[in-house]
Amino acid sequence: MKHMRSIVTFAAIAVPGILVATTSFLTPLTPGTLDRSPEQVRMPTADTRVICPGPLLTDDEAEGTDAEFVDDSNVSTRAVSASAPISAADGSVSAARLQVADLGGSANFDNPSSDGFVSGDDPIDKTKLITGFARPGAPALTTGVETVEGTSGDLTGLATLTCGSAASNFRILAGSGAAGSNSQLLLSNPGDVPVQAEVTLMTPSGERGEPTEVSIKAGKQRAIRLGGLAAGAESLAVDVNVDGGVVAGSLQETVLDGLTPKGIDLATSGAEADTQQVVTGLDGKDARLRVANPGDDLAEISLKAYGPDGEIDIPRSSMTVVAHGVAEADLGDLDATSVVLDSGQAIQASAFIGQDGEKGSSDFGSINATDALAESQVMALPRTGTGKLYLSPGQGQVQVRGMLDDGSLTEGQSIDLNPTGTTEFSPAEVSPDAVRAIVISGENASGSQSDGVHASYVVTTDSGISAVQPAPAPAGVAYRDIRLG
């Protein structure tokens with residue numbers, strides 16, 4: 001697994017006659033902390049851009065489907081964006097300038113660099129591009145979260161999503177081709193030129209067919225219905241590879257059992273494939289674990305689960321996944337549980353938890369495996385329902401600071417980790433005022449049952465359940481060495 005707790009990550013690229021060493025950071029180094037040679041040049045930090053997919057696409061907006069699918073549904077879609085303070089190389093501390101715009105369109109608002117900023121719970125009717133503009137020597141500690149809430153009709157339930165960044169390749173472990181499921185892959189192109197993407201579906205029996213080629217225009221979003229590509233497949237993983245650019249991807253799933261709503265969900269990619277995966281925050285009914293095996297050989301995986309009081313028994317202690325395929329394990333009802341998966345080859349994992357509703361309805365939410373907590377990460381919180389933060393087993397402390405409506409930060413509160421169990425924490429504990437986002441530091445924490453400490457936030461309402469994860473730590477290049485000869 002990636003080691004995300006250290007301040008600095010080093011990489012070196014050797015070419016004939018030249019050695020270039022780059023340094024990327026989470027909290028920039030202050031002047032004078034290290035001796036710098038004349039050959040070392042400070043490089044600009046990177047802006048942070050994430051995309052919120054926008055309202056649920058309904059079947060009447062997809063080709064060849066039932067136009068009456070959502071006639072009786074009451075669904076609202078909202079987005080919250082946040083920009084948290086971060087230290088710069090000159091010792092100054094401030095939050096990056098934050099802009100929210102329609103994808104391929106004009107800006108909705110542009111908030112300057114400040115002491116901290118959290119937007120309102122803004123209704124949205126389009127795909128949104130959120131940009132945090134880095135300052136010299138300081139990356140942008142920004143994020144966005146989208147909430148879709150259905151309170152009646154076919155689309156009853158709750159879907160939340162930490163808005164994701166664009167990439168040239170990624171994998172999403174969500175969706176289904178089974179009857180009753182409407183799964184759509186949403187691909188958004190934030191660039192100025194069209195891009196070509198290849199979409200490959202992984203199923204329980206392996207890859208399904210040849211890759212599907214999709215063209216996405218500049219500044220546009222495109223939806224691909226997955227049922228027609230993998231009809232009957234109960235569980236999917238979706239591989240996306242882009243030629244000549246990057247796209248942001250998310251997966252929307254709505255489920256009906258006849259006329260009974262069975263939930264809505266939004267999912268995006270989680271931790272990259274590795275020999276260990278950690279999923280935390282399994283707190284609900286009918287928990288399921290989904291694992292993808294991108295390798296060419298059968299993957300054998302061991303499972304260990306840790307509840308709030310220590311290691312617990314689950315129905316499965318191991319599972320196997322065919323090459324280029326996916327598999328699921330039913331884990332039953334769980335309470336504040338973290339699952340650690342270990343394998344001899346690289347795998348990826350996600351999980352699903354459920355909640356019962358009224359008159360036979362239900363809802364489900366997906367939880368990605370995450371990277372270990374870094375030194376500074378931000379998480380915008382859905383402004384609905386009640387929620388808890390879950391931390392996988394670890395040693396030491398995780399520090400949490402709350403961001404309030406005015407963007408100010410509360411005093412830090414240290415959470416003592418449980419070395420043998422999952423730790424629960426309510427963000428409401430950090431302030432009597434409403435906490436709209438949290439800044440998390442894992443600097444003084446280490447994993448006791450896995451590589452690093454992992455976090456998820458699970459929110460529930462009367463009609464739904466869903467989860468969000470911390471935004472990936474911002475990155476930038478601090479110094480570059482160039483030695484000739």
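Which residue lies over the face of F133? In this predicted model, the residue in that position is R97, placed at 3.9 Å from the ring centre of F133. As regards pairs between aromatic rings, the structure holds 1 such pair.

Attention turns next to strand β7, which spans residues 97–102 and includes D102. The relative accessible area of D102 is 14%, and this residue is therefore classed as buried, the cut-off for that class being under 20%. When residues up to four places away in sequence are left out of the count, D102 is found to touch N108 as well as K126, T127 and K128.

A further element of the model is an open sheet formed by 4 strands, which follow one another in the order β33-β30-β36-β37 and pair in the antiparallel sense. The edges of this sheet are occupied by β33 (423–425) and β37 (465–468), and because each of these has a single partner strand, one side of each is left without a neighbour in the sheet. From one strand to the next, the twist averages 25°.

Within the same order of strands, β30 is followed by β36, and the pairing of these two can be described at the level of residues. Strand β30 comprises residues 386–391 and strand β36 comprises residues 455–460, and the two are joined in the antiparallel sense over 6 bridges. Across this pairing, K388 stands opposite V458, the latter belonging to β36. In general, the strands of a sheet pair through backbone hydrogen bonds, in either a parallel or an antiparallel manner.

Notes: Residues are numbered from 1 along each chain as its sequence is written. This is a predicted model: local features need pLDDT of at least 70, side-chain atom pairs count only at pLDDT 80 or more; totals for chains, interfaces and linings use all residues. Side-chain values use heavy atoms; hydrogens and water are left out. Buried means under 20% relative accessible area, exposed over 50%, partly exposed in between (1.4 Å probe, protein chains only). Contact means heavy atoms within 4.5 Å. Two strands pair if DSSP finds at least two bridges between them. Axes are lines fitted to C-alpha atoms, for helices over the stretch in contact, and angles run from 0 to 180 degrees between N-to-C directions. Rings of Phe, Tyr and Trp (its six-membered ring) pair if their centres lie within 6.5 Å; planes under 30 degrees apart count as stacked, over 60 as edge-to-face and the rest as tilted. A charge sits over a ring if NZ of Lys or CZ of Arg is within 6 Å of the ring centre and within 35 degrees of the ring normal.
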